[in-house]
Amino acid sequence: MPTTLEKEAEAGASAGVARLSVNLAHDTMEVLRWLASRRAASVTETIRRAISVLKFVEDEVAKGNKLAVVETDENGEQHVREIVLVG
């Protein structure tokens, strides 16, 4: 017997989209709204982008690659900091 989520996804698949309902903590929702406003995007588009970024990160880590941030200090020197993912 399919779950409600599976039924919604199946129904949406025929239309090319799936509807999803999630519960977010208030502070998480505020961050999501802030991110959306920063990019002049909808909350839905911001979630799509976040999922795309997470998939990219997961794919790269699965390949054995590392993620890093290159910082430029006040003297113009660049420093590389590795991003370590847990979990």
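These legends describe three close-up views of a predicted model.

**View 1. Surroundings of Leu85.** Leu85 sits in the segment that follows strand 2 (78–83). With a relative accessible area of 48%, Leu85 is classed as partly exposed, because that class lies between the limits of 20% and 50%. Leaving aside neighbours within four places in sequence, the contacts of Leu85 are Val57, Val61 and Leu67. Of these, Leu67 is 18 residues from Leu85 in sequence, and the C-alpha atoms of Leu85 and Leu67 are 9.0 Å apart.

**View 2. The largest pocket.** The volume of the largest pocket is about 450 Å³. Its lining includes Val17, Ala18, Arg19, Leu20, Val22 and Leu24, as well as Val43, Thr44, Ile47, Arg48 and Ile51. By class, eight of the lining residues are nonpolar, one is polar and two are charged. The polar residue is Thr44, and the charged residues are Arg19 and Arg48.

**View 3. The second largest pocket.** This pocket holds about 240 Å³ of space. Leu32, Leu35, Arg38 and Arg39 are among the residues that line the second largest pocket, and so are Thr46, Ile47, Arg49, Ala50 and Val53. Helix 2 (26–38) and helix 3 (43–62) each supply at least two residues of this lining. Helix 3 gives the most, with five residues. The lining of the second largest pocket divides into five nonpolar, one polar and three charged residues. Ile47 appears in the lining of the largest pocket and also in that of the second largest pocket.

Definitions and conventions: Residues numbered from 1 in each chain as written. Predicted model: local features only at pLDDT ≥ 70, side-chain atom pairs only at ≥ 80, totals over all residues. Heavy atoms only, no water. Helix = DSSP H or I, 4+ residues; strand = E, 2+ residues; numbered from the N terminus. Buried < 20%, exposed > 50% of the residue type's maximum accessible area, 1.4 Å probe, protein only. Contact = heavy atoms within 4.5 Å. 1 Å grid on protein atoms, 1.4 Å probe; cavity = no way out; pocket = protein on both sides within 12 Å on 5 of 7 lines; lining within 4 Å. Points joined across faces, edges and corners; volume = space filled by probe spheres on them.
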